[in-house]
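I opened my notebook for a friendly look through this one. Here is what I looked up, entry by entry.

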Amino acid sequence: MKKWHYSWIILAVTFISIIVAGIIRSSAGVFIDPFEQDFGWSRPSISLAFAVCLFLYGFSGPFMAAFVEKYGLKRMMLGSMLLLSIALACTFVMKQEWQLILIWGVMMGIGSGLFLTVLSTQVANRWFVKRRGLAVGILTAATATGQLILLPVLATLVDRYSWQTAIFLIFILSIVMLLIIALFMRNYPSEKNIGLYGNEEVTEPARIQVGNPFKMALNALVEGLKVKEFWLLAGSFFICGLSTSGLIGTHFISYCISFGIPVVTAAAMLSFMGVFDLIGTTLSGWLTDRFDNRWLLFWYYSLRGFSLLALPFALASGSSTWLMIFAIFYGLDWIATVPPTIGLTRQRFGLEKSAMMYGWMVAFHQVGAAVAAYFGGVVFEAMGSYKIAFLLAGGFCLIASLFVIVIKKQPAAVTLQK
């Protein structure tokens, strides 16, 4: 019987760690109303803290990739998860708006940066030759899987008990995750005396001279800004962030509440999207290994745009059936854009540079998310409705579909570039 390759253990540990980090960050939508009621803070102020988180976790991505090269994957995972645990503990004693921004903006943003940006690329590149696209798809889907497992639970705890109870649950999960990472995570296959999955030869990782991580990340940005494909991918990813974690992730629950839908039902609907995102993103990783990544992105952005344009009318109809159809349709497409975006980045910039380059694209992604998170709250405050925000997001997705389709197709040999 063939021995189970340790790369799949690494994939499982990474998957669970992304789930925990993802639910910590994405739980923001559950706490908007409780924070508003308990502390008397305005929705734009609360949205600003969550926008800072989205912005920082995106911009920390390329620097996290550089720090991983310098300090190692396992050490950075432990440090990042510890920071999230400390932030959750500090939430119990916060009293002022600036503390919310520091804890849920700065600490959460930096703490979740590694897990929700470049970790999937780093693990796939270090542990897989065969099934690399599938590995990226599975790890990318982990973010939504966190919502699938815990968002309804958190919403129920908030509704029946208190927001403190919900925070305590995810705090305990973060502590458990620290132990799992410490016990099972490894930096390279050679530490287990095995080769990458799909390559049986045991090789030591190249010992490259790593300088200042900040300088490395900034040099990668300068290089990327000179390339047209970088701008097209980063621009489309800006819109991706705007239309997913920024708007849906932060404001979907509140949007549903404004139509009289109970918070637990709204959270369950969001988690239902997570079920289909797990399917859609894993399938997207499989497709990325087999089809032109540009056309995959074109259809993903187009279909997401049409679904967002339809959401306000589905809610206004009062029909749970139409809302369910939206949840399925949107869920399949939520993070499906990530595997082909990583694939195109790897094709254009090579394997060794792909993690850092993708990190900068995630930075653009999170600028878009931060813009949507903040201005979604501003639009609601000004108009008493999120309708315009969701219609604009749908229109931008259609524009993103045009960005990706004009990217020049790379020769097959480029995918083997080192």
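**Entry 1, a serine.** I checked whether S254 is buried or exposed. With a relative accessible area of 3%, S254 falls under the 20% cut-off, so I noted S254 as buried. I am working from a predicted model here, so the value is a computed one. S254 sits in helix 12, which covers residues 248-257. Next I asked which residues S254 touches once its neighbours within four places in sequence are set aside. My list for S254 reads I32, D33, R43 and Y386.

**Entry 2, a helix pair.** I turned to helix 11 (residues 228-246) and helix 17 (residues 351-383). Their axes lie 6 Å apart, and the packing angle is about 40 degrees. Helix 11 and helix 17 are therefore oblique to each other, because an angle of 35 degrees or more but below 65 is neither roughly parallel nor roughly perpendicular. The crossing of helix 11 past helix 17 is right-handed. I also sorted the residues of this contact: 18 are nonpolar, seven are polar and no charged ones turn up.

**Entry 3, the cysteines.** How many disulfides does a search of the whole structure find? I got zero. For C53, the nearest cysteine sulfur is that of C90, 15 Å away. A disulfide needs the two sulfur atoms within 2.5 Å, so C53 is in no disulfide. Looking from the other end, C90 has the sulfur of C53 as its nearest, and C90 is in no disulfide either. I then compared their surroundings: C53 is buried, at 4% relative accessible area, whereas C90 is partly exposed, at 27%.

Terms used
Residues are numbered from 1 along each chain as its sequence is written. This is a predicted model: local features need pLDDT of at least 70, side-chain atom pairs count only at pLDDT 80 or more; totals for chains, interfaces and linings use all residues. Side-chain values use heavy atoms; hydrogens and water are left out. Axes are lines fitted to C-alpha atoms, for helices over the stretch in contact, and angles run from 0 to 180 degrees between N-to-C directions. Helices (H or I, at least four residues) and strands (E, at least two) are DSSP runs, numbered from the N terminus. Angles under 35 degrees count as roughly parallel, over 145 as roughly antiparallel, 65 to 115 as roughly perpendicular and the rest as oblique. A crossing is left-handed if the near helix is turned anticlockwise from the far one by less than a right angle, and right-handed if clockwise. Ala, Val, Leu, Ile, Met, Phe, Trp, Tyr, Cys and Pro count as nonpolar, Asp, Glu, Lys and Arg as charged, and the others, Gly among them, as polar. Buried means under 20% relative accessible area, exposed over 50%, partly exposed in between (1.4 Å probe, protein chains only). Contact means heavy atoms within 4.5 Å.
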